[in-house]
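Let's take a walk through this structure together. Have the sequence and the 3D view open as you read.

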Number of protein chains: 6
Amino acid sequence: MSDIIADTADEIRTMRIRGAGRLARAGVNALVCYTQRYTGGTLKSFKEDISRAADIILASRPTAVSLWNGIHETLEEKDLWETLEEALSSVEDRGRTFCSMSEKAASIIAEEGAKMIVDGDVLLTHCNSSAALGIMKEAKRQGKDFKVYATESRPWRQGLITVTELAEADIDVTMIVDSAVRTVMSRINRVFVGADTVTSAGMLINKIGTSQVASAAFEYGVQFDVCTETFKFSPKTLVGETVTIEERGADEVVTGGKVPAKVKVFNPVFDITPSKYINAYVTELGVMSPGSVYGVLASRHENNILRTR
Amino acid sequence: MSDIIADTADEIRTMRIRGAGRLARAGVNALVCYTQRYTGGTLKSFKEDISRAADIILASRPTAVSLWNGIHETLEEKDLWETLEEALSSVEDRGRTFCSMSEKAASIIAEEGAKMIVDGDVLLTHCNSSAALGIMKEAKRQGKDFKVYATESRPWRQGLITVTELAEADIDVTMIVDSAVRTVMSRINRVFVGADTVTSAGMLINKIGTSQVASAAFEYGVQFDVCTETFKFSPKTLVGETVTIEERGADEVVTGGKVPAKVKVFNPVFDITPSKYINAYVTELGVMSPGSVYGVLASRHENNILRTR
Amino acid sequence: MSDIIADTADEIRTMRIRGAGRLARAGVNALVCYTQRYTGGTLKSFKEDISRAADIILASRPTAVSLWNGIHETLEEKDLWETLEEALSSVEDRGRTFCSMSEKAASIIAEEGAKMIVDGDVLLTHCNSSAALGIMKEAKRQGKDFKVYATESRPWRQGLITVTELAEADIDVTMIVDSAVRTVMSRINRVFVGADTVTSAGMLINKIGTSQVASAAFEYGVQFDVCTETFKFSPKTLVGETVTIEERGADEVVTGGKVPAKVKVFNPVFDITPSKYINAYVTELGVMSPGSVYGVLASRHENNILRTR
Amino acid sequence: MSDIIADTADEIRTMRIRGAGRLARAGVNALVCYTQRYTGGTLKSFKEDISRAADIILASRPTAVSLWNGIHETLEEKDLWETLEEALSSVEDRGRTFCSMSEKAASIIAEEGAKMIVDGDVLLTHCNSSAALGIMKEAKRQGKDFKVYATESRPWRQGLITVTELAEADIDVTMIVDSAVRTVMSRINRVFVGADTVTSAGMLINKIGTSQVASAAFEYGVQFDVCTETFKFSPKTLVGETVTIEERGADEVVTGGKVPAKVKVFNPVFDITPSKYINAYVTELGVMSPGSVYGVLASRHENNILRTR
Amino acid sequence: MSDIIADTADEIRTMRIRGAGRLARAGVNALVCYTQRYTGGTLKSFKEDISRAADIILASRPTAVSLWNGIHETLEEKDLWETLEEALSSVEDRGRTFCSMSEKAASIIAEEGAKMIVDGDVLLTHCNSSAALGIMKEAKRQGKDFKVYATESRPWRQGLITVTELAEADIDVTMIVDSAVRTVMSRINRVFVGADTVTSAGMLINKIGTSQVASAAFEYGVQFDVCTETFKFSPKTLVGETVTIEERGADEVVTGGKVPAKVKVFNPVFDITPSKYINAYVTELGVMSPGSVYGVLASRHENNILRTR
Amino acid sequence: MSDIIADTADEIRTMRIRGAGRLARAGVNALVCYTQRYTGGTLKSFKEDISRAADIILASRPTAVSLWNGIHETLEEKDLWETLEEALSSVEDRGRTFCSMSEKAASIIAEEGAKMIVDGDVLLTHCNSSAALGIMKEAKRQGKDFKVYATESRPWRQGLITVTELAEADIDVTMIVDSAVRTVMSRINRVFVGADTVTSAGMLINKIGTSQVASAAFEYGVQFDVCTETFKFSPKTLVGETVTIEERGADEVVTGGKVPAKVKVFNPVFDITPSKYINAYVTELGVMSPGSVYGVLASRHENNILRTR
């Protein structure tokens, strides 16, 4: 296969390229470059080649929803191509549109979410979501006066990164252990978290502990909003696939402690927040309720994943 | 003051004597020894002396409910004393009864709670409660077959002690981070936690995170039981005092992380679990609902704290 | 052993004597008769003989809370007996008091509950509780105008008995299948059910389906009241014993249907209603919340079951 | 009948004597005066005379729980009287004790509740409860810094009295319409309301709208506490009586508006708050959960209302 | 009218054709056949004839949502027809598409739902839904290891058919009475039920007892999924029509029991499950939340039912 | 600017034109008239002139969602105009369509909602919604037999208007104070209220007290439906804007009462009802769940508000 495809797949596989958005754009860009350099083939050969290229890219991180979305949006009109020229320009156009929309999405979300923050607000966030932090930084940039509580987020303690980022943006931030979420909830106005994956029925898969934050927010009548680009919406869940929750090693949890060998550790990376606890998804396509996720996915995929069955 | 009083107060103050039960028994024993050695006084002088001794003991750990309870039970009949002899024997008798009941309480609770465990159960516990662990060990001793999930319990990570204790008792134990409580709750049959303090209206004050465990148990229809000696029932809450939640330093939370100086940390040691989340208190006076705590406290204190107003 | 003891135990064992109240009174009466005829012994021999007699009676239906309660109340002062005469008269007096209180209890409950019914009420009941039906009949006797919905109560269909009893008392009664409870709940004012056993923490053990009725009542803001003599309050639960839920044979469920041999059937007789769904216990000692059950049990048993540990 | 009895009954009937506490003390005082002046009778005649006097007093305001409680506590030992002297001194002693306890109760409750208020608290109250306001004034007197939201309390608008009283005590007070309770609830820490009547199962009967305040507090995780002397605990509910909710005229609601004659008005004075919404009763006998009300009532009335059936 | 129309209507009316899917396809096929044989008319006459034919078919089972949907989808472009040829081919094409989609829908749903089942799952189902059972059989065919609890489903006891079907597919199945649903819910991972009708606001109308199952699942945090072809989505509810709940005779409930003539029986066939209890609809158009039903219906009917007002 | 624009803006500003629907139609009509009279310009000049006209109209009532919607729908194709003729006819056509749809919407909603009412229903409404009352009047016109409870709706007491309107339509209506909502809820079948604004995530902004009504309906399992034209759906909330809740003066609340100057008054006009409490929105585009609002807004605004970022 061409260098650009193989190299990009390699960089993704080895984690040199990370982050849902960057990952998707890198994969799509590889297809665009490959297409631009494509010479001497026929429509038939291009269809085969670009499909193989797409498979290689997808195999480099099979669980990344954003990558799957980028590649499929780029090749969405494949069945409609009638000439090679049409095919080449379709891939280039759709690929560039995806990348530019993806780049714009983060700033659109930041602007939307910032409008929701008013002076005197006390926010809470969990783990380290660039979309959620983007909102807070934009609100601060606009001069809004608010405070943030941030959780430690064991076992990786991404909360340390979060509080550092927020403090550097001059935002008044207070760190708590994950167990203190319910205790501080009566002081909180609004919760902003990010998303790893969103299912077609509106459920959220995100960093372990997110569902506990959502449950506490619900108990205290506090709005719980999820900040996410819609490329985190999972098309596969449309057709019934469930999201596998990754489990990681015991050493992340027991680090520094001496425990008997026979102690087991259960270390799931994500948890599932039911839609009943979610007030809104704040996306680059607007603010929507969990009940609206299906509509976005279905209109986007009615010509591929839903039709090809 | 006498050596025994001063020395005991000192050992309590410097944390050489720890644990709610041991603390209370040490304080009461000091009064009993002091009484046994009391010579040459009158009823009037003894009343004054023993009151002063009690005050010194109480001042050594003013927030310990168990100590307050022990001292007050020992001196409860003070207003009824008519002769010095009566006074001396009253203190001795009541003091010894308190100590022996307190010593028996833990094993009574272990036996009661063990009856609640059946083969195949999956339990969850939070932090490191000797009453809760006593129940599990007793059930294991009786040959029952069950599993336990135990939380890490940040920031002090007493969960490491808990899993070690349980593993040493050959109990099948799995450790999780505090954020994973809700995720495992659908596998759990019953939660056992301990108590720091119980209010007259049946609320529980216990290690930070307890109320979050209780809320998740409630959400999943899982019984949440609190294992505690009744000397954790707080008489002062009878007359309206609220329990102050201790806050500790930032270093316990940010240890090992480098965060900007302006990051604040909120580190409360305890939280409050409302009675609606508590199925039962398992005590040495039997298994009771939160609505029954007042009755126990009121009958015990109708001659002192409730009367003296 | 004496005839009266053996015969009574036999009648209980073979189900010739049934019903929580009749059972308990029969057992206690046997002890009273035995005592009245007791001749030629010493205090010591009587203590041994009456204990043996009690054990025989109790063994005839070991799971009946009311029988246990009757026997133990009758012999409660055993440790205080100082002469044979005192012993004999204690058993006679306490036994008769228990029987007469037990007989009066049903009519007291009927009167209490009837006061709660007002013209226009629509009630619901489940299974066939003599205490609940007694209330309805008393209210009808007083000329009150109300309707009752009664469930079929599969698998035994005791609802057929219930609707017959109510119709014979000229009460307007409508029968529904158990699955229709939630559907009719929006028409209901108040639910009255009976009890098999009540735990010291205020939970109700009653005919399968009761907890589902309670949950539906809770969802619709309808008062759910339990009508029961306090001899259904279980002293053993005070000290941690859990109530074993009897499971019965498959034939009760699949009767009349032809299903493959490999189909399993789970046929529990009772279920557990958590105290959060119970508004009040209507008893011969008055109307109380679940949080008050412990107080009744503890004051009754502080000299035996709670002390003898 | 004697002048003191007739006059007092008259003053109560014509509303010259008002307020649950003052009412009860007036009635009891009348019995005490009558007893002090009692001459020339026998034990038998006194029993008859004092019973008739009690009936006259009770008939002057048959729905007042406090009056019923005062009279019955005063005459509670009637069946034990063996001589006229004993009878006279029993009535005098018990009557005086009731009056003095009743007078002390309000200040005890004020002190208890004031302990629950901490600097920075934001409270909410409904209608005009002297017990709830007493707590706030005591807390202010102690120098505590807090705010209060008070409802208008249509149709009588007692909220106007409440805000005036609080403002005169220099307390920071904000008035809202009854419909705004849920909107402000996210700013509130704790709700204090009074009681008209408390049932033996722990339910609260109080000014219309109270249950809506309680429901909103529950939804937002805010503590809802009821401040009341225990003479509001209704002994009749022990034996099944329900509390009749008074309905008043349409003119209180439509005042000032012109509506067609055929518009109906439903104007209930009180509503019922279920115990699940109540955190605690703050009483002169201490702070208790709704599950503890039965215990207080039962121990007080085990010799009369519960026995005489 | 033509034979094919009359005969089909007759077969539907007399229940020789049953089942939501088969019914709809039979009706649509009749229109297609009628169209294929249509000769010698004009566009105008065809419009009138086909409308009359459609009315006859619809009148044969006026409450069947699937039939209504099939007929209306087949004739949806009626107002756009410009020539007779266009009209004939439109009916044929649309009719065939509907039938083939309807036939495919069941297998698509089975595949989708089967993906949701993982080894070790314990499922519950109510009544006898071919869509729900199709999912379980497909999962079994794929070698998945799971158990199923199935309710009896009084009064018709369709549970007997369900357990037989599942056992014949070698699935581990346990039958329970309807009253035992809440008791087993703590062992259940996921509930799959079918649908009779789905409203535009996402509510489910299904066999009596379904809402009780949903409520218990909600109480225990168990996912409740509805398996249904979208031709059960009711277009008439879009414009406000409510679904009439059929009531059937008393004999279905009291069979085998002798009850007095004056006992009434309420025997509703269906109940309504509110959308708050439904996790997802599993349909041939993908997995969606209740909030997405309107979108599917509105886009399908924006040219007829919504426009023609 | 032209007279028609200036005059209309003036009439709106001075409240001579009121009501969400009339307001929007007046603004749109002004643009249509202005367009019809437009002479002598170019496409470029018309674009500038019509934009300025739109801005003047919008500025006359900046918070009215319906006005914003009308103006934007009228000018929606502005970027597609290629000739002046096309521009003029686009404005005329779209403007007239909006006005006629808006006029039809109210009667469509009345018909839809009337279908939901059945004989014997007891409804409740809050404040004075023309859409909700339109439904009730239409149902009455159809001869349906039902009752209505209507709240007073302090502080403006629009309930007086509501009960008058309903009584004049011969509907059986009962007025209650706002505090009595929860008390009557057990008698209610269905709640119909109107809307001021609906957010893209499905939340309702409506007259103060609405959320309290919704919460009580939820507690009692009563359907809560919102009757509204979709021009109350707020496009700005799509992109994150929050709805500002107007606060009005103290005099509206304290009228007629004498309170100290230092008493503050908080008088918000609207409150926010979360989507979890809303069963359905009854609109001229059909009956939908809160989760469907986004879809309606997004499809309507994908070419302007969502694209122009």
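The paragraphs below begin with one chain and then turn to the pair. Please keep in mind that this is a predicted model.

Start with chain A and its secondary structure, which amounts to twelve helices and eleven strands. Its radius of gyration is 21 Å, close to the 19 Å that the globule rule gives for 309 residues, so chain A is as compact as a globular protein of that length. If you draw a box along the principal axes, the C-alpha atoms of chain A fill roughly 65 × 50 × 40 Å.

How is the inside of chain A put together? Taking buried to mean under 20% relative accessible area, 61% of the 309 residues of chain A fall in that group. Contacts also reach across the sequence: among those in chain A with a separation of 6 or more, 75% join residues 24 or more positions apart.

Now look at the outside. Chain A has an accessible surface of about 11600 Å², and carbon and sulfur atoms make up 49% of that area. As for charge, chain A carries 36 positive and 41 negative charges, and the mean positions of the two sets lie 5 Å apart.

Finally, bring in chain B. Two copies of a chain are related by a rotation about an axis and a shift along it. Here, chain A superposes on chain B with an RMSD of 0.1 Å after a rotation of 180 degrees and 0.0 Å of shift along the axis. That is the relation of a two-fold axis. To find the axis on your screen, look for Asp178(A): its C-alpha is the nearest to the axis in chain A, at 3.3 Å. Both copies use the same surface, with 100% of the contact residues of chain A recurring in chain B.

Notes: Residues numbered from 1 in each chain as written. Chains lettered and ligands numbered in written order. Predicted model: local features only at pLDDT ≥ 70, side-chain atom pairs only at ≥ 80, totals over all residues. Heavy atoms only, no water. Helix = DSSP H or I, 4+ residues; strand = E, 2+ residues; numbered from the N terminus. Rg over C-alpha atoms; globule rule 2.2 N^0.38 Å. Buried < 20%, exposed > 50% of the residue type's maximum accessible area, 1.4 Å probe, protein only. Contact = heavy atoms within 4.5 Å. Areas by Shrake-Rupley, 256 points an atom, 1.4 Å probe, with all protein chains shown as cover. Lys, Arg positive; Asp, Glu negative; His and termini not counted. Charge placed at Lys NZ, Arg CZ, Asp CG, Glu CD. Least-squares fit on C-alpha atoms with pLDDT ≥ 70 in both.
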